[in-house]
Amino acid sequence: MTQDYLKACKQLIGQGKYHEAITGLEFILHLNPNLSAAYSNLAICYSNLKNWNKAITSILNALGHGNNQYQDLEELLNILEKSELKSYVPLLEKPLKLAMELVKLEFRVIPLLWRQLISKHPKALSLASNSFTHAIDLLLQDEVFCKLIERSLITDYFTENLILISRQEILSRAVEGDDIHAYLPFLSSLACQTLLNDGLYSNTKQDRLYLNKILDNQNTTLEHFLLLICHSSFEESLMLWKKNQDLFKNDQFKSLTSDLQFYTDVSLSKNKGIINQKTSKLVQSFYMENPYPKWKSVKVSNQVKTNETDILFAGCGTGQQLIDFAITHKMSHITAIDLSPTSIAYAELMTKKYDISNVNFILLDILDIDTLGLRFDYIVCTGVLHHMACPSDGLAALNKVLTDNGRMFLGFYSRAARKSLKNIKKNIMTFLKTDEEGITRSGIKQWRSQLTTENKANAWYQVSDFFYLNGLYDLLIHPQQIEYSIPEIKALLNKCNLSFVSMSPTIKNREEFKLILAQNPTNKDKQTLDYWHKIELRYPEAFIYMYQFHVVKSPSSVLNNKRP
Ligand SMILES: C[S@@+](CC[C@H](N)C(=O)[O-])C[C@H]1O[C@@H](n2cnc3c(N)ncnc32)[C@H](O)[C@@H]1O
């Protein structure tokens with residue numbers, strides 16, 4: 001009988017009759033107070049009615065009683081994302097930590113846990129500080145804070161500053177012989193962050209003095225070793241790990257050892273493929289040293305497309321873009337090519353993390369794509385062609401393997417948006433008193449460590465690439481890049497017989513940009529590059545990340561391709 005009632009309540013929910021459904025569900029719970037499905041459905045009703053307190057209580061009840069854990073955790077995330085709850089709710093911590101361990105939910109939990117943490121530690125996370133305080137001390141010993149810096153790249157200067165103050169304090173305490181045992185979880189997580197940001201944080205003179213004392217000590221302890229990793233470059237960290245693996249048998253360091261193993265496997269990957277073209281070789285060696293982007297988790301959607309298609313990721317990098325795609329298109333065959341063996345190894349290991357089996361990775365130059373003898377219905381190639389000696393040759397090679405009805409999703413640098421990057425680069429060279437050739441990783445770290453508050457307020461200094469060295473290298477020190485204007489993109493597409501379909505602006509959330517877009521609301525206009533050119537003239541930062549757009553083969557070229 002309960003199941004029939006439940007079915008009826010679900011129908012009411014489907015019809016949007018939430019109040020009636022709630023009455024029914026409360027009756028069911030009166031009969032059977034342990035029925036988790038009733039709580040889950042109550043949560044859905046309250047969430048639709050925007051009664052967030054009751055929605056949260058109901059979903060926590062469902063989690064407490066039920067075995068539908070994944071769905072209930074997912075619903076909890078839906079509710080929290082919609083509610084924008086700002087206050088700290090202790091009861092949420094356990095389920096959110098649980099969700100963090102589920103690969104497909106990990107990415108979504110991170111901002112929610114940050115939100116909880118900010119309201120739990122307002123003094124440490126809202127008030128700027130130049131010294132180590134009791135509030136910061138408490139924060140460092142919070143497991144959630146440690147998990148967050150272990151799992152995701154820190155992309156704000158406030159948290160970065162807090163981390164640097166803490167790192168300095170713990171190092172000085174360790175050298176002075178204090179017991180720093182309580183900070184081991186923090187240090188282990190900070191070591192993960194340091195690996196993720198490629199050892200971005202530079203060391204002060206005082207840090208170096210302390211580090212030398214640690215290195216002089218014959219008896220390196222676990223604490224010392226962790227401190228060394230937190231102050232080392234990426235390569236030094238992997239060397240340290242190679243020599244001291246035995247120190248880390250304890251389960252407490254599982255995440256750090258797994259990261260160290262991951263990056264070791266990536267860096268040892270072999271070059272399985274031959275690259276002939278001169279510029280491609282140059283770009284290959286750049287991305288072998290700087291696999292891009294560095295990442296740990298991605299948003300995964302629930303939609304699954306059942307059609308079977310052949311998809312190409314041309315210049316897949318470390319695979320961040322393809323994970324969600326491979327999951328949602330699980331019936332499709334995905335080929336992912338790149339020049340860089342380290343990027344491919346990174347991407348391949350990540351597909352294992354996400355249990356993906358429909359991607360075939362190949363080390364190959366886009367220029368040689370036709371040697372595979374394959375044709376593709378959809379090609380994704382963003383942030384790649386502008387690193388080729390002749391992007392139109394690359395585009396033509398991709399067009400050749402695109403089916404007649406196929407689509408491409410392309411991404412190119414915008415010259416207008418990147419104008420101020422030239423000044424930033426000049427600024428680095430002036431600071432380091434060198435030319436472009438003389439810029440080194442440690443030089444960039446030094447330059448970054450003296451940025452002013454005014455610098456940091458600039459839009460470019462806030463993009464995530466500014467928070468890890470490989471990102472900064474990709475942004476500023478690339479050996480081969482071509483920037484475009486929209487008329488140049490138009491000419492490039494014409495040359496390759498391709499037609500523009502639609503633009504995907506990546507900064508659509510910026511208020512001023514939304515206003516500009518709203519002034520010309522016809523969809524037909526948006527389907528032309530001329531429209532986007534006008535937009536960019538008014539708002540030069542519109543394509544700060546890139547021009548990203550869909551194209552198809554031009555009708556005339558499809559007709560010419562048809563065989564008699
Ligand atoms: C900036 S990363 C972009 C990665 C990925 N498309 C993304 O958006 O996350 C550029 C990638 O393109 C690859 N690449 C550059 N030129 C290439 C070429 N001629 N053939 C294949 N891959 C290329 C590089 O090795 C690098 O991994």
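K433 lies in the loop between α21 and α22, where helices (H or I, at least four residues) and strands (E, at least two) are DSSP runs numbered from the N terminus. Phi of K433 is near 50°, a positive value in a residue other than glycine. With a relative accessible area of 78%, K433 is exposed; here exposed means over 50% relative accessible area, buried means under 20%, and partly exposed lies in between (1.4 Å probe, protein chains only). The model is predicted: local features need pLDDT of at least 70, side-chain atom pairs count only at pLDDT 80 or more, and totals for chains, interfaces and linings use all residues. Residues are numbered from 1 along each chain as its sequence is written, and side-chain values use heavy atoms, with hydrogens and water left out.

The loop between α21 and α22 (441-449) also contains E436, which forms a salt bridge with K425, the closest N and O atoms being 2.8 Å apart. A salt bridge is counted when a side-chain nitrogen of Lys or Arg is within 4 Å of a carboxyl oxygen of Asp or Glu. K425 is in helix α21, and the two residues are 11 residues apart. E436 is partly exposed, with a relative accessible area of 37%, whereas K425 counts as buried at 17% relative accessibility.

A second non-glycine residue with positive phi is D198, at about 60°. D198 is placed in the loop between α12 (184-196) and α13 (205-216). Its relative accessible area is 3%, so D198 is buried. Another backbone feature is the peptide bond from Y292 to P293, which is cis, with omega near -10°. P293 belongs to the loop between α17 and β1 (310-314).

Helix α17 (residues 278-289) includes V283. V283 is buried because its relative accessible area is 5%. The C-alpha atoms of V283 and A389 are 9.8 Å apart in space, while the two residues are 106 residues apart in sequence.

The chain can also be viewed by domain. The domain assignment, whose bounds come from an automatic or database source, gives domain 1 (2-120), domain 2 (128-267), domain 3 (288-415 + 482-561) and domain 4 (419-476). The C-alpha centres of domain 1 and domain 4 lie 45 Å apart. From the unreviewed UniProt entry comes the annotation "domain: Methyltransferase", covering residues 308-414; UniProt positions are given in the numbering used here, feature names are shortened, and annotations may be inferred rather than shown by experiment. Over residues 308-414 the chain is 28% helix and 32% strand, and the end C-alpha atoms are 34 Å apart.

Strands β4 and β5 form a parallel pair. Strand β4 (residues 376-382) is joined to β5 by 6 bridges, and two strands pair if DSSP finds at least two bridges between them. One of the bridges has F376 as the partner of L402 in β5. Strand β5 (residues 402-412) is largely enclosed by the rest of the structure, because 9 of its 11 residues are buried.

Beyond β5, R415 forms a salt bridge with E488, with the closest N and O atoms 2.9 Å apart. R415 lies in the loop between β5 and α21 (419-432) and E488 in helix α25 (residues 486-495), so the pair ties together parts that are 73 residues apart in sequence. Both residues count as partly exposed, R415 at 36% relative accessibility and E488 at 33%.

Side chains of opposite charge can pair when their charged atoms come close. The structure holds 20 salt bridges. Among them, E101 pairs with R151, the closest N and O atoms being 3.0 Å apart. This pair links distant parts of the chain: E101 is in the loop between α6 (90-100) and α7 (106-120), and R151 is in helix α10 (residues 143-151), 50 residues apart. E101 counts as partly exposed at 46% relative accessibility, whereas R151 counts as buried at 11%. E101 and R151 also belong to a network of salt bridges that links E101, E106, K147, E150, R151 and K353.

At the start of the chain, M1 is found in the segment before α1 (2-14). M1 counts as exposed at 65% relative accessibility. Together with Y5, F27 and L31, M1 makes a nonpolar surface patch of about 420 Å². Patches are made of residues with over 30% relative accessible area and no salt bridge, with like charges joined within 9 Å and nonpolar side chains (Val, Leu, Ile, Met, Phe, Trp, Tyr) within 5 Å. Accessible areas come from the Shrake-Rupley method with a 1.4 Å probe, and for residues only the protein chains shown count as cover.
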